[in-house]
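Here is a short report on selected parts of one protein chain. Keep the sequence and the 3D view open while you read.

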Amino acid sequence: MIASIDVDPQKTFTPICPGELPVQGGDKIAPALNEQAQKAQFRVLTKDAHPVNAVWVVDSHDKMLAPLEHANADLTWVSHAVPGTEGFETIPELPEVTEYDHVIWKGVEPDLHPYGACFHDIQEKLSTGLIEWLKAKEVTTVVVGGLATDYCVKTTAMQLKLHGGFDVWVNLEACRGIAEETTETGCAEMRDVGIHVIETLEEFRA
């Protein structure tokens, strides 16, 4: 069985919400995500869902990426993906949330800021149930796309490979990264653990 995973394809990570965490081209990946979903029997959505009073929130972009001493919130970020706001919404052209087979909301607790969709905590002790759900559905292969390549996509793919043992394919056509350098580094890290990092879906071989 194959599952297609849409990692955090939310307006908060696109130019639609310039005051949050806009990723260039983040609002353009829906067609590629929809295409990869056609290769799968199951489609999963993950969404950041952050409170306004999170311990990592700072009031301006120039204060971002400062290290924190919290066990499960490692860096500062501006407020983003707050439920009920436009930034929380998925980008245009994707299915309604209820049309997905499974949905993971992450980062709800004010002192937890996970990047990967498989664990609620950075220490990777508290499962979201994603790996368990995939295994219950007898999924062996996952195709991953979403936002952003160098953070949540990378971490989710690594968790699926290292903790779940799945055959993981990251479809760069359906992803966008925050920065070129960290995206290149992230892709190298994924390849090092045996994840297939492909430029287009044409390279996918189940």
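The text below covers a strand, a helix and a loop residue in turn.

**Strand E1**

The model is a predicted one. Start with strand E1, residues 2–7, which is mostly covered: six of its six residues are buried. In a regular strand, side chains alternate between the two faces of the sheet. In E1, Ile2, Ser4 and Asp6 point one way. Ala3, Ile5 and Val7 point the other way. Both sets are buried.

Which strands pair with E1? Strand E8 is one partner, and strand E2 is another. The table sets out the two pairings.

| Partner of E1 | Residues | Sense | Bridges | Citation |
|---|---|---|---|---|
| Strand E8 | 141–147 | parallel | six bridges | E1–E8 |
| Strand E2 | 42–48 | parallel | five bridges | E1–E2 |

Two residue pairs help you find these pairings on screen. Valine 7 stands opposite glycine 146 in E8. Aspartate 6 has leucine 45 of E2 as its bridge partner. Between E1 and E2 the chain passes through helix H1, residues 30–37. This β-α-β crossover is right-handed.

**Helix H4**

Next, look at helix H4, residues 180–192. How far apart are its end C-alpha atoms? They are 18 Å apart. That agrees with the expected span, because 13 residues at 1.5 Å a residue should also span 18 Å.

The buried residues of H4 are Thr183, Gly186, Cys187 and Met190. They cover an arc of only 100° around the axis, so they lie on the same side of H4. The face turned away from that buried side carries the exposed residues Glu181, Glu184 and Asp192.

What do the buried residues of H4 pack against? Their partners are helix H3 (149–162), strand E9 (167–176) and strand E10 (196–198). After H4 comes glycine 194, with a positive phi near 95°.

**Valine 108**

Finally, turn to a loop residue. Valine 108 is found between strand E7 (102–106) and helix H2 (130–136). Is valine 108 buried, exposed or partly exposed? Its relative accessibility is 49%, so valine 108 counts as partly exposed. The cut-off for exposed is over 50%.

Leaving aside neighbours within four places in sequence, valine 108 is in contact with Ala49 and Pro51. Valine 108 and aspartate 8 are 100 residues apart along the chain. Their C-alpha atoms are separated by 14 Å.

Terms used:
Residues are numbered from 1 along each chain as its sequence is written. This is a predicted model: local features need pLDDT of at least 70, side-chain atom pairs count only at pLDDT 80 or more; totals for chains, interfaces and linings use all residues. Side-chain values use heavy atoms; hydrogens and water are left out. Helices (H or I, at least four residues) and strands (E, at least two) are DSSP runs, numbered from the N terminus. The expected span of a helix is 1.5 Å times one less than its number of residues. Buried means under 20% relative accessible area, exposed over 50%, partly exposed in between (1.4 Å probe, protein chains only). The arc is that of the directions from the helix axis to the C-beta atoms. Contact means heavy atoms within 4.5 Å. Two strands pair if DSSP finds at least two bridges between them. A crossover is right-handed if, with the strands pointing away from the viewer, the path from the first strand over the helix to the second runs clockwise.
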